[in-house]
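Here are a few exercises to work through with the model open in your viewer. Try each one before you peek at the solution.

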There are 2 protein chains.
Amino acid sequence: MPDFRPIKQTRASEEVLAQLKEAILRGQVKAGEKLPSERELTEQFQVSRGVVREAIRVLEMTGFVTMKQGPSGGAFVTGLNFDQLSNGFLDMYLANKLTIPELNQVRLHIEPEMARLASQRITPAFRLRLEKAIAAERAPVDSYDERMERMTEVHFILAEMCGNYLFEAIDNALIKLTHQIVDAVKPEDHDALHGAGEHDEIAQAVIEGDGEKAAKAMRAHLEKFCQELSRVDLIYKGLMKY
Amino acid sequence: MPDFRPIKQTRASEEVLAQLKEAILRGQVKAGEKLPSERELTEQFQVSRGVVREAIRVLEMTGFVTMKQGPSGGAFVTGLNFDQLSNGFLDMYLANKLTIPELNQVRLHIEPEMARLASQRITPAFRLRLEKAIAAERAPVDSYDERMERMTEVHFILAEMCGNYLFEAIDNALIKLTHQIVDAVKPEDHDALHGAGEHDEIAQAVIEGDGEKAAKAMRAHLEKFCQELSRVDLIYKGLMKY
DNA sequence: AACTATTTGTTCGTATGTATG
DNA sequence: GCATACATACGAACAAATAGT
């Protein structure tokens, strides 16, 4: 007897989702371009609008497309980002499955290594970006959000520099998670978390191409930061907005 | 004049999704329990069924609930898993943003550390599980899938043992990604990837509580495995199913 | 074994909001 | 201002699955 395979009884919206996702991942619909309109998709897939809409909504909520209304509107493919990863980590945190010390431990293990890797790939362009970021940390800001952005910029640059997209993706997600956790505490305590010039040593070591020094500086920076983060987290426990 | 803010700019399905997700993350609907039926939700949220279904579909595709039909069916909340992360990594790989060497580099940096951590948290229960997993690697199997499962079991146990949920989540996702990549190559080459007893040294060191030895054994194992994986990947490039 | 009730899956018609030209 | 093209939303209906009677 041949072993008969079960008939595929997958949901219609799942099939549509899979095909759309494949087209995006394969690059058949490039970033900036848009998917066919809902009406067109209903015709091509031979399903109802509701099915198509479910699939598109999933694509939107997972960061693959962004929707725009009106004529020349539709589902526009976004450049690949780390939304899905960030959301995954954030959800784990919100579900209280993740503690600050755990996050700190992982960052402390990953980021010094990334700083080491980054220092081996220094280029004039990256050097310029690092120097600008360092300078920007000291410049006056007019909003709290802007300050947070500037204080995380060096981390993002190093993640990009390390030459490993997977490291970059993981680190980006962790930085964003840290960012959101910090956002949950009251602004007046942020001075303790991020003094200006906090990343000077790291950037300097990376620019010099000194991997050991960069890793060491990153470790020192993170140890200090993580300690402060744990402290304010204990104080403001339970204030995070969902 | 006060600057009046726009009433509702967010989509209805997004609001519904946010509220359902919050209820799940807060534990107000526990794992195993089910959300109210679609009809009930339409009444509570005062929106149409299509809107509710879009939200539920997103929850399903992101791994928060699984659907069941029929009476006593519905959207059942799943225990928290790592689906979202795994999918994120897999999508990056499918989009050709991720190479095997990059994956190898990250695993080589993370897993030895996790083995070290695991060795410091050995308990009789974990010891038993490790010994069983080691023994199972040598036992005959009747399916290819079963063999793959047994060869990854030690990694999953160590991830669980390391005592850091974030490490565990990341590693789980990376192992699963590796698994799916391996699945894409032809079975006849799998012997080169995974000899039985491949994890003996690691498990032994962890059981002995020797962190350094465990990390070293893990590094040696991964170096060998990653090299083989890179080789077969080059051979079978482009055969991965989407 | 057959029927019933409940719940998800799917479709269609229609109406409305929004942005472009 | 108007027509157009698109997403958004609603409601009614029917199909399919499945637990209980």
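**Exercise 1: The surface near strand C**

Work out which element gives the most to the surface near DNA strand C, and what else is there. Keep in mind that this is a predicted model.

*Solution.* Start with the top contributor: helix 3 of chain A brings the largest share, three residues. Next, list the elements that give at least two residues each: helix 1 (12-25) and helix 3 (49-61) of chain A, plus helix 2 (38-45) and strand 2 (74-77) of chain B. Now zoom in on residues. There are 23 around DNA strand C, and the nearest are A:Ala12, A:Val47, A:Ser48, A:Gly50 and A:Gly70. Finally, sort the surface by class: you get eleven polar, seven nonpolar and five charged residues.

**Exercise 2: Over to strand D**

Find out which residues come nearest to DNA strand D, and which elements supply its surroundings.

*Solution.* Begin with the residues: 23 sit around DNA strand D, with A:Glu38, B:Ala12, B:Val47, B:Ser48 and B:Gly70 coming nearest. Then turn to the elements. Helix 1 and helix 3 of chain B, along with helix 2 (38-45) and strand 2 (74-77) of chain A, each put in at least two residues. The largest share, three residues, belongs to helix 3 of chain B. By class, the surface near DNA strand D splits into twelve polar, seven nonpolar and four charged residues.

**Exercise 3: Where the chains meet**

Say how many residues each chain puts into the contact, then take apart the chain B side.

*Solution.* Count first: chain A gives 35 residues and chain B gives 35 residues. On the side of chain B that touches chain A, at least two residues each come from helix 1 (12-25), helix 3 (49-61), helix 4 (83-94), helix 5 (100-119) and helix 8 (165-183) of chain B. Helix 4 of chain B has the largest share there, with seven residues. As for chemistry, that side holds 18 nonpolar, nine polar and eight charged residues.

**Exercise 4: A helix crossing**

Describe how helix 5 and helix 7 of chain B pack, from geometry down to side-chain class.

*Solution.* Geometry first: the axes of helix 5 and helix 7 (residues 144-161) of chain B come within 8 Å and cross at roughly 65°. The crossing is left-handed. From helix 5 of chain B, B:Met114, B:Ala115 and B:Ala118 meet B:Leu158, B:Ala159 and B:Met161 of helix 7. The class tally for this contact is six nonpolar, no polar and no charged residues.

**Exercise 5: Layout and confidence**

Lay out the domains of chain A, then decide where to be careful.

*Solution.* Chain A has domain 1 (12-77) and domain 2 (83-236), with 35 Å between their C-alpha centres. Chain A averages a pLDDT of 88, with 90% of its residues at 70 or more. Residues 1-8 of chain A stay under 50, and the model has zero contacts for them beyond four places in sequence. Low-pLDDT coordinates shouldn't be read in detail.

Terms used. Residues are numbered from 1 along each chain as its sequence is written. Chains are lettered from A and ligands numbered from 1 in the order in which they are written. This is a predicted model: local features need pLDDT of at least 70, side-chain atom pairs count only at pLDDT 80 or more; totals for chains, interfaces and linings use all residues. Domain bounds come from an automatic or database domain assignment. A residue is near a molecule or strand if its C-beta atom, placed from the backbone, lies within 6 Å of it. Helices (H or I, at least four residues) and strands (E, at least two) are DSSP runs, numbered from the N terminus. Ala, Val, Leu, Ile, Met, Phe, Trp, Tyr, Cys and Pro count as nonpolar, Asp, Glu, Lys and Arg as charged, and the others, Gly among them, as polar. Two residues are in contact if their C-beta atoms, placed from the backbone, lie within 7 Å. Axes are lines fitted to C-alpha atoms, for helices over the stretch in contact, and angles run from 0 to 180 degrees between N-to-C directions. A crossing is left-handed if the near helix is turned anticlockwise from the far one by less than a right angle, and right-handed if clockwise. pLDDT is the predictor's confidence in each residue, from 0 to 100.
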